[in-house]
Amino acid sequence: MDRTPPLKSKILIADDHHAIRQGVRGLLEAHPGYDIVAEASDGRAALRLALENKPDIAILDYSLPLMNGLELTRSIKHELPRTEILIYTMHDRESVLVDVLRAGARGYVLKSDSGTHLVAAASALAKHKPYFSGAISETLLEHFIDSDHSADGRIVLTAREREIVQLIAEGKLNKQIAHLLSISVKTVETHRSAAMHKLKIKSTAELVLYAVRNNIVEP
């Protein structure tokens with residue numbers, strides 16, 4: 001008789017609030033089958049830890065500094081397509097939900113939901129099944145009912161442009177951005193100019209306002 005214990009799902013938790021990370025850890029560790037392999041307080045650290053630990057599930061806040069949950073989801077799914085992404089956030093806006101699903105997330109739970117939803121989501125994603133809490137399921141359904149699947153006319157920035165817009169909105173200087181992204185200052189300036197040209201924006205203040213209005217950073 002094989003007495004080998006079942007493999008545990010490796011979990012990464014990324015949230016800039018220590019108390020939230022501890023709460024998620026406590027909820028999951030109270031149930032068998034989960035191994036918390038890494039925690040991160042910003043998006044860039046989360047990506048590095050994901051590449052190092054190759055988690056089965058990454059539980060991500062949307063509003064992460066340095067790289068938000070949307071860009072982090074895209075990056076993780078590009079590098080680790082088998083890693084399931086669960087967005088655990090306070091944002092219930094349709095635009096946020098649709099964007100992260102398009103990026104590859106297959107789970108979405110609100111921080112206002114009960115802890116049972118978080119555990120149920122982890123259980124579903126461990127089996128590579130999607131999970132959305134009740135309010136999110138309704139939002140998703142309404143989106144597809146209302147959508148005519150035509151282009152929505154939104155201006156599309158490249159992944160690098162969005163990344164740089166977020167860092168600018170967080171108050172980083174071009175030199176700091178270049179260091180963080182391991183690119184030249186000139187390259188930062190080129191992407192910054194391209195983004196501002198696309199958006200018809202002429203000042204950093206307008207760029208910050210755009211980032212807030214489009215959920216790239218928290219106000």
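**Exercise 1. A leucine in a loop**

L66 is found in the loop between strand 3 and helix 3 (69-79). The model is predicted. Describe the phi of L66, and decide whether L66 is buried or exposed.

*Solution.*
- Step 1. Start with the rule: most residues other than glycine have a negative phi.
- Step 2. Look at the backbone. L66 has a positive phi of about 70 degrees, although it is not a glycine.
- Step 3. Turn to accessibility. The value for L66 is 16%. Buried means under 20%. L66 therefore counts as buried.

**Exercise 2. A histidine in another loop**

Locate H128 and classify its accessibility.

*Solution.*
- Step 1. Find the loop. H128 lies between helix 5 (115-126) and strand 6.
- Step 2. Read phi. For H128 it is positive, about 60 degrees, and H128 is not a glycine.
- Step 3. Classify. The relative accessibility of H128 is 32%, so H128 counts as partly exposed.

**Exercise 3. The overall build**

Count the helices and strands, then give the order of the strands in the sheet.

*Solution.*
- Step 1. Count. The protein has 10 helices and six strands.
- Step 2. Order the strands. The six form an open sheet, 2-1-3-4-5-6, with parallel pairing.
- Step 3. Find the edges. Strand 2 (34-40) and strand 6 (131-132) each have a single partner strand, so one side of each is left without a neighbour in the sheet.
- Step 4. Add a helix. Helix 1 (residues 18-29) packs on the sheet and touches strand 1 (9-14), strand 2, strand 3 and strand 4. The direction of helix 1 makes about 170 degrees with that of strand 2.
- Step 5. Check burial. Of the 219 residues, 45% count as buried.
- Step 6. Check the reach of contacts. Take those between residues at least 6 apart in sequence: 62% of them join residues at least 24 apart.

**Exercise 4. Pairing and cover**

Work out how strand 3 and strand 5 pair with strand 4 and strand 6 respectively, and which residues cover each side of strand 4.

*Solution.*
- Step 1. Take strand 3 (residues 57-60) with strand 4. They pair in the parallel sense over four bridges. L60 stands opposite I87 in strand 4.
- Step 2. Take strand 5 (residues 107-110) with strand 6. Two bridges join them, and they run parallel. Y108 has F132 in strand 6 as its bridge partner.
- Step 3. Inspect strand 4 (residues 84-89). Six of its six residues are buried.
- Step 4. Split strand 4 by side. E84, L86 and Y88 are on one side; I85, I87 and T89 are on the other. Both faces are covered.

**Exercise 5. Helix 4 and its end**

List the buried residues of helix 4 (residues 94-103), then name the residue that follows the helix.

*Solution.*
- Step 1. List them. V96, L97, V98, D99, V100 and A103 are buried.
- Step 2. Recall the helix turn. An α-helix has 3.6 residues a turn, so residues three or four places apart point the same way.
- Step 3. Step past the end. G104 follows helix 4, and its phi is positive, near 125 degrees.

**Exercise 6. Two helix pairs**

Classify the packing of helix 7 with helix 8, and of helix 9 with helix 10.

*Solution.*
- Step 1. Helix 7 (residues 159-169) and helix 8 (residues 174-181) pack at about 130 degrees, with axes 10 Å apart. That angle makes helix 7 oblique to helix 8. Their crossing is right-handed.
- Step 2. Name the contact. R160, E163, I164, L167 and I168 in helix 7 meet I177, L180 and L181 in helix 8. Six of these residues are nonpolar, none polar and two charged.
- Step 3. Helix 9 (residues 185-199) and helix 10 (residues 204-213) pack at about 75 degrees, with axes 11 Å apart. They are therefore roughly perpendicular.
- Step 4. Name this contact too. R192, M196 and L199 of helix 9 meet T204, L207 and Y210 of helix 10. Four are nonpolar, one is polar and one is charged.

**Exercise 7. The surroundings of D56**

Place D56 and list its contacts beyond its neighbours within four places in sequence.

*Solution.*
- Step 1. Place it. D56 sits in the loop between helix 2 (43-53) and strand 3.
- Step 2. Classify it. At 34% relative accessibility, D56 counts as partly exposed.
- Step 3. List the contacts. With neighbours within four places left aside, D56 touches K8, S9, K10, R82, T83 and E84.
- Step 4. Compare with K127. D56 and K127 are 71 residues apart along the chain, and their C-alpha atoms are separated by 9.9 Å.

Note on methods: Residues are numbered from 1 along each chain as its sequence is written. This is a predicted model: local features need pLDDT of at least 70, side-chain atom pairs count only at pLDDT 80 or more; totals for chains, interfaces and linings use all residues. Side-chain values use heavy atoms; hydrogens and water are left out. Axes are lines fitted to C-alpha atoms, for helices over the stretch in contact, and angles run from 0 to 180 degrees between N-to-C directions. Angles under 35 degrees count as roughly parallel, over 145 as roughly antiparallel, 65 to 115 as roughly perpendicular and the rest as oblique. A crossing is left-handed if the near helix is turned anticlockwise from the far one by less than a right angle, and right-handed if clockwise. Contact means heavy atoms within 4.5 Å. Ala, Val, Leu, Ile, Met, Phe, Trp, Tyr, Cys and Pro count as nonpolar, Asp, Glu, Lys and Arg as charged, and the others, Gly among them, as polar. Buried means under 20% relative accessible area, exposed over 50%, partly exposed in between (1.4 Å probe, protein chains only). Two strands pair if DSSP finds at least two bridges between them.
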